[in-house]
Amino acid sequence: FFFPASYQHTPVMATASSWRGADVLAVDDFDESMVREVFETAAAMKRMVAAKGGSDVLRGRVLANVFYEPSTRTMCSFDAAMKRLGGQVVSVSESTSSAKKGETLEDTVRCLECYCDAMVLRHPQVGTAARAAAAARKPILNAGDGVGEHPTQALLDLFTVATAWAETGAAPPDVLACLAGKQLTLLGDLKHGRTTHSLALLCSRLAAPPSLVLVSPPELRMPQAVCDKLRARGVAVEETDALRQVLPQTDVLYVTRVQRERFATEEAYRAVAGSYVVDKALMEAAPPRCVVLHPLPRVDEISTDFDADPRARYFEQMENGMYVRMALLALVLGADLAAL
């Protein structure tokens with residue numbers, strides 16, 4: 001489902017040092033020890049930014065930000081992450097690259113790696129990050145490949161849950177055990193939502209994963225390949241279209257928009273748009289410590305009347321994206337973290 005067979009790669013595994021020089025293509029590329037190191041480093045980045053704004057541990061390094069789809073949060077957070085660590089950024093979009101002249105992705109990657117130390121890539125086609133990695137000598141970080149995956153988003157999502165519960169005293173000492181015995185409800189466009197694919201699969205990599213409840217209209221169900229992989233790994237998965245029924249047991253509610261750009265016709269989009277709206281009234285049925293996330297942008301699936309609720313963590317989630325991506329860049333590029 002995620003990558004064409006011709007672009008299979010060997011997952012990076014096991015030791016903390018594996019981050020150095022590694023591609024970040026899919027959540028199956030890393031295990032608990034690697035996730036834990038990212039979270040510890042992201043927490044250090046957050047403290048460092050609060051204390052002094054930035055560091056020079058990536059001074060002299062250059063990141064290429066290559067985006068063939070629109071982006072605000074992912075593009076800007078990677079840009080800010082690199083600059084706060086003393087590095088520089090070269091930005092490329094489809095409209096400004098030689099892709100407009102017919103240049104292949106592989107040639108674009110070979111070109112850009114002459115000028116940079118790592119590349120962040122977003123592309124509308126599934127498998128493009130793996131294609132880029134097959135062509136590149138420098139690390140590739142997948143910022144979203146069509147309806148495939150968005151691994152850095154999954155990391156920041158889980159980091160946000162852990163830090164949110166830590167603030168309330170609900171998190172266990174081991175941050176990666178924070179979802180053990182909990183219910184994670186994924187809501188909305190699960191068919192096209194690469195963020196939901198990656199988050200669900202990342203949870204399945206944990207020694208103690210949460211149970212997953214997948215809430216969507218029938219037309220927007222989670223791809224069967226993802227569900228099959230989750231169940232094969234022992235994750236309890238329930239599929240339903242009844243949000244109100246599962247909300248009282250929900251510990252984390254992950255809301256996504258219906259992705260208009262993925263539909264073949266406007267009629268098909270309108271048939272499912274607005275299927276669910278999370279608002280203040282609805283959330284009266286949710287637990288008091290429920291964490292509500294959204295990868296953003298939102299359309300109308302979360303009402304602004306819920307924004308002031310302490311369970312709404314999507315703006316904090318957005319900020320955490322910078323800290324997690326600072327951590328990833330520092331680890332992948334081999335920065336001296338002792339110098340933070």
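**Why do we call it that?**

Biologist: Why does Thr 108 count as buried?

Modeller: Thr 108 has a relative accessibility of 5%. Buried means under 20%, so Thr 108 counts as buried. Keep in mind that we're looking at a predicted model.

Biologist: Where does Thr 108 lie, and which residues is Thr 108 in contact with, leaving aside its neighbours within four places in sequence?

Modeller: Thr 108 lies in helix α3, residues 105-112. Once those sequence neighbours are set aside, Thr 108 is in contact with Tyr 68 and Glu 103.

Biologist: Let's try the cysteines. What makes Cys 76 count as partly exposed?

Modeller: Cys 76 comes out at 42% relative accessibility. Under 20% would be buried and over 50% would be exposed, with partly exposed in between, so 42% makes Cys 76 partly exposed.

Biologist: And Cys 227, is that buried or exposed?

Modeller: Buried, since the relative accessible area of Cys 227 is 0%, and the cut-off is under 20%.

Biologist: How do you know that Cys 76 has no bond to the closest cysteine sulfur?

Modeller: The closest cysteine sulfur belongs to Cys 116, and it sits 19 Å from the sulfur of Cys 76. A disulfide needs the two sulfur atoms within 2.5 Å, so 19 Å is too far for a bond. Cys 227 tells a similar story: the closest cysteine sulfur, in Cys 203, is 14 Å away, again too far.

Biologist: How many disulfides does a search of the whole structure find?

Modeller: Zero.

Biologist: On to the sheet. In what order do the five strands of the open sheet come?

Modeller: The order is β7-β6-β5-β8-β9, with parallel pairing.

Biologist: Why do β7 and β9 stand at the edges?

Modeller: Each of β7 (237-240) and β9 has a single partner strand, so one side of each is left without a neighbour in the sheet. Neighbouring strands of this sheet are turned by 15° against each other on average, direction ignored.

Biologist: How do you know that β5 and β8 pair?

Modeller: Two strands pair if there are at least two bridges between them. Strand β5, residues 183-187, and β8 have four bridges, in the parallel sense, so they pass. One of the partnerships links Thr 185 with Leu 253 in β8.

Biologist: What joins β8 to β9, and β5 to β6?

Modeller: Three bridges join β8 to β9 (residues 291-293), and these strands run parallel. Tyr 254 has Leu 293 in β9 as its bridge partner. Between β5 and β6 (residues 211-215) there are five bridges, parallel as well. Gln 183 stands opposite Ser 211 in β6.

Biologist: Which strands does helix α6 touch?

Modeller: Helix α6, residues 194-204, packs on the sheet and touches β5, β6 and β8. Its direction makes about 165° with that of β5.

Biologist: What makes you say that both faces of strand β8 are covered?

Modeller: In a regular strand, side chains alternate between the two faces of the sheet. In β8, residues 252-255, Val 252 and Tyr 254 are on one side, with Leu 253 and Val 255 on the other. These residues are all buried, and that's what covers both faces.

Biologist: Last one: how does the radius of gyration of the protein chain fit a compact globule?

Modeller: For 340 residues, a compact globule would come out near 20 Å, and the protein chain has 19 Å, which agrees. Buried residues make up 55% of the 340.

Note on methods. Residues numbered from 1 in each chain as written. Predicted model: local features only at pLDDT ≥ 70, side-chain atom pairs only at ≥ 80, totals over all residues. Heavy atoms only, no water. Buried < 20%, exposed > 50% of the residue type's maximum accessible area, 1.4 Å probe, protein only. Helix = DSSP H or I, 4+ residues; strand = E, 2+ residues; numbered from the N terminus. Rg over C-alpha atoms; globule rule 2.2 N^0.38 Å. Contact = heavy atoms within 4.5 Å. Axes fitted to C-alpha atoms, helices over the stretch in contact; angles between N-to-C directions.
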